[in-house]
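Q: Got a minute to go through this one with me? Here's what I have open.

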Amino acid sequence: MGRWVLMVTVLLLLVGCSMNEKAVALPNDLPDFVQENDFTSIDWNKKAVEFGERGIIGNEDKSGVIGSNMPSLNTQKWMWHLWGIEEGRDTKLTIVGYHKDSKTVYPILVDGWTIGLGGPVNGADAHTPSSVKIPKPGEWAVLLYTNGSYFDTLIYDINE
């Protein structure tokens with residue numbers, strides 16, 4: 001009987017814990033190609049790092065930003081850089097912010113979810129300037145999609 005009570009107690013604890021897990025909050029206007037499992041598979045230990053001569057912060061030889069080295073909750077300019085993009089000027093970049101603690105998805109571009117990419121600069125195959133606004137402090141995953149396909153994730157701590 002004792003073993004049965006222990007198993008039921010463990011099961012209730014597991015069910016209770018999983019019911020307290022908050023689901024990812026997806027906004028209604030989020031592009032269709034962005035999926036909930038994109039957020040549940042984030043590696044929060046893979047922090048963006050500084051690389052190159054221009055102070056780009058991101059994932060070397062994949063994606064990075066000039067301007068994110070002074071993260072702020074105020075509107076600021078960020079210059080996105082992507083490597084491994086062959087289309088360059090014909091590519092649309094969708095940028096999705098995900099706040100770790102609240103499990104909430106936000107557009108961090110001031111003008112929506114998607115922006116066009118320009119050609120090569122600073123050694124990257126494509127780039128684009130943008131205005132971003134981070135809505136709240138904390139740990140952020142910035143998911144990048146090119147022409148509707150997942151491209152990369154940048155992890156930033158933004159607390160000012």
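A: Sure. One term up front: contact here means heavy atoms within 4.5 Å. And keep in mind that this is a predicted model.

Q: Okay, so which residues does Ile108 touch, leaving out those up to four places away in sequence?
A: Trp78, Trp80, Ile95, Gly97, Ser131, Val132, Lys133, Ile134, Trp140 and Val142.

Q: How many residues are in the largest nonpolar core?
A: That core has 23 residues, and Ile108 is among those with the most contacts inside it, along with Trp78, Trp80, Ile95, Val142, Leu144 and Tyr156.

Q: Which strands supply at least two residues each?
A: Strands 4 (76-82), 5 (92-99), 8 (126-132), 9 (138-146) and 10 (149-158). Strand 10 gives the largest share, four residues.

Q: What's in the second core?
A: It's separate and has 14 residues, including Leu30, Trp44, Val105 and Ile155.

Q: Switching to charges: how many salt bridges are there in the whole structure?
A: The search finds two. Lys47 pairs with Glu139 at 2.1 Å, N to O. Lys47 sits in the loop between helix 2 (37-40) and strand 1 (49-51) and Glu139 in strand 9, so the bridge ties together parts 92 residues apart in sequence.

Q: And is Glu139 buried or exposed?
A: Buried, at 17% relative accessible area, which is under the 20% cut-off. Lys47 is partly exposed at 33%.

Q: Which other side chain does Glu139 meet in a salt bridge?
A: Lys100, at 3.4 Å, N to O. Lys100 is in the loop between strand 5 and strand 6 (104-106), so this pair links parts 39 residues apart in sequence. Through shared partners, Lys47, Lys100 and Glu139 form one network.

Note on methods: Residues numbered from 1 in each chain as written. Predicted model: local features only at pLDDT ≥ 70, side-chain atom pairs only at ≥ 80, totals over all residues. Heavy atoms only, no water. Core = buried A, V, L, I, M, F, W, Y, C linked by side-chain atoms within 4.5 Å. Buried < 20%, exposed > 50% of the residue type's maximum accessible area, 1.4 Å probe, protein only. Salt bridge = Lys/Arg side-chain N within 4 Å of Asp/Glu carboxyl O.
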